[in-house]
Amino acid sequence: MMNNQDTWWLEKYSHVHMNVFGTPLRVLDHGQGAYVWDIDGNQYLDFLAGIAVNSLGYAHPDWVHAVSQQAQMLAHTSNYFASVPQIELATKLLEITNAPKGSRVYFANSGTEGNEAALKLVKLHAHEVLHNPNARIIALDHGFHGRTLGALAATWKPAIREPYEPLMPNVEFVPAGDIAALESAFEAETPVAGVIMELIQGEAGVQAVGGEFVAAARALCDRYGALLVIDEVQTGIGRTGSWFAFQQKELSGGIMPDIVTFAKGVASGFPMGGAIAFGDNVARLFGPGLHGSTFAGNPLAAKAALTTLQVIERDNLLDNVVARGQQLRELIATCGNSLFTSIHGAGLLNAIELSKPCAHAAMQWALKHGLIVNAVTDHSLRIAPPLIVGEQQVRDAVAILAEIPTDLVCD
Ligand code: PLP
């Protein structure tokens, strides 16, 4: 297979882009289902799905048809006008979350913007309900909420947060799973306005924070009058086997959040995100002029998302996520590769733990052998195929993973 176009384009890439991503792995050209091809014609089985974004895989016919048709009718309106897909999508999101009366959706264009909206609601809660603008926000060690300045303030990893400090003040971090630490954070003199957390921390290596911890956070928020924000940017829209991860008791303790944020998989590759405020008390904090974005709820993005949700429902993809996730974990656990110490996750959001810090080399090896996975930490590979992935494709992926050499050189 020729490899020269890829090299040529990547060289050009490096001269025209700011270097925030390093050199991309390949230049991709087109995809179909769970497969994608690079510009030199090499085929890959994609078990990363654009980092848990391409829910329906590449070029799903219903998605292509709906987006093409919407593009011919109405791509953008501004928020001075509404569109039917936008209203239908908000209605559907409230339906699939069993949202109580008075709940409302805010649309954004990405995960970080969904979290900005949630953090602004928490700030408004501090002002209007707690009457204390300095009320604190609690986030978790190893949590990731995005790279805009508000969401970044609640993002733990020092290497990406510290170069931009000082950030939004009054954000504190507690270790995930440490109920005593959370309790003492609440007991400090300045009140807590909100807690923001993921139920499965992606950047920590796909680690669940645990239902007991989440239930404790809910109870503390109730006792002290704080809002509980669950960031489901990665875990939402079927990724873990239910529409949202908070709907699974072992992940959430069976609680109902005050705000849930979503993005990534919602529109299966079209930029879209947002926040759902549960109940009128939270939803009404946003009044006219208090937040907004030119593209938010754009009809093209809304149609892409609505179609994604409809296909997930029509094709029982939540059942597929549960079955394929189970299959993947069983096959990896018995594949005999001694580099793998364990596999954990929920649905189709999983990580394989490695016995040594060679995840980058393992990811590169898999790529060379036609499989896309992701080194989410030095020690773990994130596996997040599209929700449409088939039984044979899971077997094919595991067959490649099983062959990763154990004597890889760690970088
Ligand atoms: N929150 C979580 C849990 C995420 O995983 C991500 C992205 O990886 C974000 C927020 C930020 O989303 P985006 O990159 O769309 O801004």
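Glu198 sits in the loop that runs between strand 7 (192-197) and strand 8 (200-201), and in this predicted model that residue is also one of those found around the ligand. With a relative accessibility of 6%, Glu198 counts as buried, because the cut-off for that class is under 20%. Its C-alpha atom is separated by 9.3 Å from that of Ala139, a residue 59 positions away along the chain. The points below take up the ligand site, the cavity and pocket, and then several individual residues with their backbone geometry.

**The ligand and its surroundings**

- The shell around the ligand is made up of Ser110, Gly111, Thr112, Asn115, Phe144, His145, Gly146, Glu198, Asp231, Val233, Gln234 and Lys264.
- Sorted by class, this shell holds seven polar residues, three charged residues and two nonpolar residues.
- Among the secondary-structure elements, helix 5 (residues 111-128) gives the most to the shell, contributing three residues.
- Two polar contacts involve the backbone: a backbone N or O atom of Gly111 lies 2.8 Å from an oxygen atom of the ligand, and a polar backbone atom of Thr112 is 2.9 Å from an oxygen atom of the ligand.
- A side chain takes part as well, since an N or O atom in the side chain of Lys264 is 3.2 Å from an oxygen atom of the ligand, within the 3.5 Å limit for a polar contact.
- On its own the ligand has 390 Å² of accessible area, and the protein covers 79% of that area.

**The enclosed cavity**

- How many cavities of 30 Å³ or more does the model contain? The count comes to one, and the volume of the largest cavity is about 30 Å³.
- The lining of the largest cavity consists of Ala52, Ser55, Val233, Gln234, Gly236, Ile237, Arg239, Lys264, Gly265 and Leu387, which by class gives four nonpolar, four polar and two charged residues.
- Val233, Gln234 and Lys264 appear both in this lining and in the shell around the ligand.

**The second largest pocket**

- The second largest pocket has a volume of about 380 Å³ and is lined by 20 residues, with Val105, Tyr106, Phe107, Phe286 and His291 lying nearest its centre.
- Strand 4 (104-108), strand 12 (273-277) and helix 11 (280-283) each supply at least two residues of that lining, and strand 4 gives the most, with four residues.
- In terms of class, the lining of this pocket divides into 11 nonpolar, six polar and three charged residues.

**Residues set in their sequence and spatial context**

- Tyr44, found in strand 3 (residues 43-46), counts as buried because its relative accessibility of 4% falls under 20%.
- Although Tyr44 and Gly370 are 326 residues apart in sequence, their C-alpha atoms are 4.4 Å apart in space.
- Asp411 is located in the segment after helix 15 (391-402) and counts as exposed, because its relative accessibility of 69% is over 50%.
- Asp411 and Glu11 are 400 residues apart in sequence, and the distance between their C-alpha atoms is 23 Å.

**Backbone geometry**

- Most residues other than glycine have a negative phi, and most peptide bonds are trans.
- Glu165 and Pro166 are joined by a cis peptide bond, for which omega is about 5°, and Pro166 has its place in the loop between helix 7 (158-161) and strand 6 (171-174).
- Asn170 also lies in the loop between helix 7 and strand 6; this residue has a positive phi of about 65° although it is not a glycine.
- Is Asn170 buried, partly exposed or exposed? Its relative accessibility is 28%, and Asn170 therefore counts as partly exposed, in between the limits of 20% and 50%.
- Ala59, in the loop between helix 2 (49-52) and helix 3 (61-73), has a positive phi of about 50° although it too is not a glycine.
- With a relative accessible area of 35%, Ala59 is likewise classed as partly exposed, because that value lies in between 20% and 50%.

Note on methods. Residues are numbered from 1 along each chain as its sequence is written. This is a predicted model: local features need pLDDT of at least 70, side-chain atom pairs count only at pLDDT 80 or more; totals for chains, interfaces and linings use all residues. Side-chain values use heavy atoms; hydrogens and water are left out. A residue is near a molecule or strand if one of its heavy atoms lies within 4 Å of it. A polar contact is a pair of N or O atoms within 3.5 Å; within protein, one must be able to donate a hydrogen and the other to accept it, and residues adjacent in sequence count only if both atoms are side-chain atoms. Accessible areas come from the Shrake-Rupley method with a 1.4 Å probe; for residues, only the protein chains shown count as cover. Ala, Val, Leu, Ile, Met, Phe, Trp, Tyr, Cys and Pro count as nonpolar, Asp, Glu, Lys and Arg as charged, and the others, Gly among them, as polar. On a 1 Å grid over the protein atoms alone, a cavity is a set of points where a 1.4 Å probe fits but cannot get out, and a pocket is an open set with protein on both sides within 12 Å along at least five of seven lines; lining residues have an atom within 4 Å of a point. Grid points are joined across faces, edges and corners, and a volume is the space filled by probe spheres set on the points. Buried means under 20% relative accessible area, exposed over 50%, partly exposed in between (1.4 Å probe, protein chains only).
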